[in-house]
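Grab a pencil and take a look at the model below. We'll go through a few short exercises, each with its solution worked out step by step.

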Amino acid sequence: MQEYVSEAIILNKEPMRSQDGRYSLFTARFGKVIGRAISSRKITSKLAPHLEPGMLTKVRFIEKNGTNIVDALKISRLSHGPTDLRFLSALLPEGQREDELWELLAQEPFSWQKTLRILGWDPEGAQCVHCGKMPVSHFYIPRQEFFCKTCASKLRKDALILLVTTPHEPLQPEFSMGEQREKI
Ligand SMILES: [Zn+2]
C-alpha cells in the first residue's frame with residue numbers, strides 16, 4: 001500500500017452514490033489525481049472543508065483499490081473560478097506532473113492564454129478551425145481546437161473556454177482627497 005503526500009489545488013468535486021466524495025486534484029508532485037474521500041461520513045465531512053474547489057491543500061492519499069484521500073489540510077484559498085478549474089480538470093491528463101503549470105496557478109489571476117500555452121495549445125497566431133479567422137477567442141474542450149467568436153457561438157457553452165477576459169477598469173474614487181477637504 002503506497003502512501004503519498006503533496007500540495008494540491010482542488011479542481012472539482014463530484015458527489016458519489018454513497019457518502020463518498022470524488023475529487024479532481026492538481027497536485028504539485030503527480031499532476032492531476034482523481035481521488036475518493038472514503039470511509040465513514042464522519043471522515044468525509046471532516047475532510048470536506050479542506051477539499052473545496054479553489055483551495056490549495058496539503059493532501060495525503062493512498063493507493064488501495066484506487067486513489068483514496070485519507071487526509072487534507074487547507075493552506076490557502078486561490079481566487080481561480082470554479083468553472084475555470086472544472087475546465088482545467090477536463091483538459092489535464094492524469095498522473096502527468098506539470099511544474100510550469102503548477103507555478104502559474106500559484107499566481108493570480110488565472111490566465112487561459114498562459115495555461116493553454118503551457119499545455120501545448122498556443123492561442124497566439126492560432127486560426128479559427130472552422131472559418132480561418134484570427135484572432136481566436138475560444139477553445140473548445142471536446143475537440144481541443146480554437147474558434148473565433150462567431151463560430152464559437154454555435155458550440156456547447158459548458159465545454160467552451162473564453163480566452164480573453166475583458167480587463168476591467170480600475171475603480172475611480174468618487175472624489176480626490178483635496179476635493180473632500182474642500183467640502184468639509
Ligand atoms: Zn470562425
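**Warm-up: how far to trust the model**

The chain has a mean pLDDT of 87, and 84% of its residues reach 70 or more; pLDDT is the predictor's confidence in each residue, from 0 to 100. Residues 174-181 have a pLDDT below 50, and beyond near neighbours in sequence this stretch has one contact in the model. Where pLDDT is low, the predicted coordinates should not be read in detail. Since this is a predicted model, local features need pLDDT of at least 70 and side-chain atom pairs count only at pLDDT 80 or more, while totals for chains, interfaces and linings use all residues. Residues are numbered from 1 along each chain as its sequence is written.

**Exercise 1. Work out which strands close into a barrel, and in what order.**

Step 1: list the strands. Helices (H or I, at least four residues) and strands (E, at least two) are DSSP runs, numbered from the N terminus.

Step 2: follow the pairing, where two strands pair if DSSP finds at least two bridges between them. Five strands close up in the order E1-E2-E3-E5-E4, with mixed pairing.

Step 3: zoom in on one pair. E1 and E2 are antiparallel over seven bridges, and Ile9 has Phe26 in E2 as its bridge partner.

Step 4: check the angles. Neighbouring strands here are turned by 45° against each other on average, direction ignored. H2 lies across E1, E2 and E3, running at about 120° to E1. For these angles, axes are lines fitted to C-alpha atoms, for helices over the stretch in contact, and angles run from 0 to 180 degrees between N-to-C directions.

**Exercise 2. Find the largest nonpolar core and say why it lies between the two domains.**

Step 1: know what to look for. A nonpolar core is a set of buried Ala, Val, Leu, Ile, Met, Phe, Trp, Tyr and Cys residues joined through C-beta atoms within 7 Å. Buried means 20 or more other C-beta atoms within 10 Å of a residue's own, exposed means 12 or fewer, and partly exposed is in between, with C-beta atoms placed from the backbone.

Step 2: count. The largest core has 30 residues, and Ile10, Leu11, Leu25 and Ile69 have the most contacts inside it.

Step 3: see who contributes. Elements giving two or more residues include strand E1 (2-15), helix H2 (82-91) and strand E7 (145-147). E1 gives the largest share, four residues.

Step 4: draw the conclusion. Domain 1 (1-109) and domain 2 (111-184) both give residues, so the core lies between them; the domain bounds come from an automatic or database domain assignment.

Step 5: pick one member. Leaving aside neighbours within four places in sequence, Leu25 is in contact (C-beta atoms, placed from the backbone, within 7 Å) with residues including Ala8, Val33 and Val59.

**Exercise 3. Describe the open sheet, then decide whether Leu162 is buried, partly exposed or exposed.**

Step 1: the three strands run in the order E7-E6-E8 with antiparallel pairing. E7 and strand E8 (160-162) are the edges, each pairing on one side only.

Step 2: E6 (residues 138-140) and E7 share three bridges, and Phe139 is partnered by Phe146 in E7.

Step 3: Leu162 is in E8. Leu162 has 16 C-beta neighbours inside 10 Å, so it counts as partly exposed. Leaving aside neighbours within four places in sequence, Leu162 is in contact with Ser137 and His138.

Terms used
Two residues are in contact if their C-beta atoms, placed from the backbone, lie within 7 Å.
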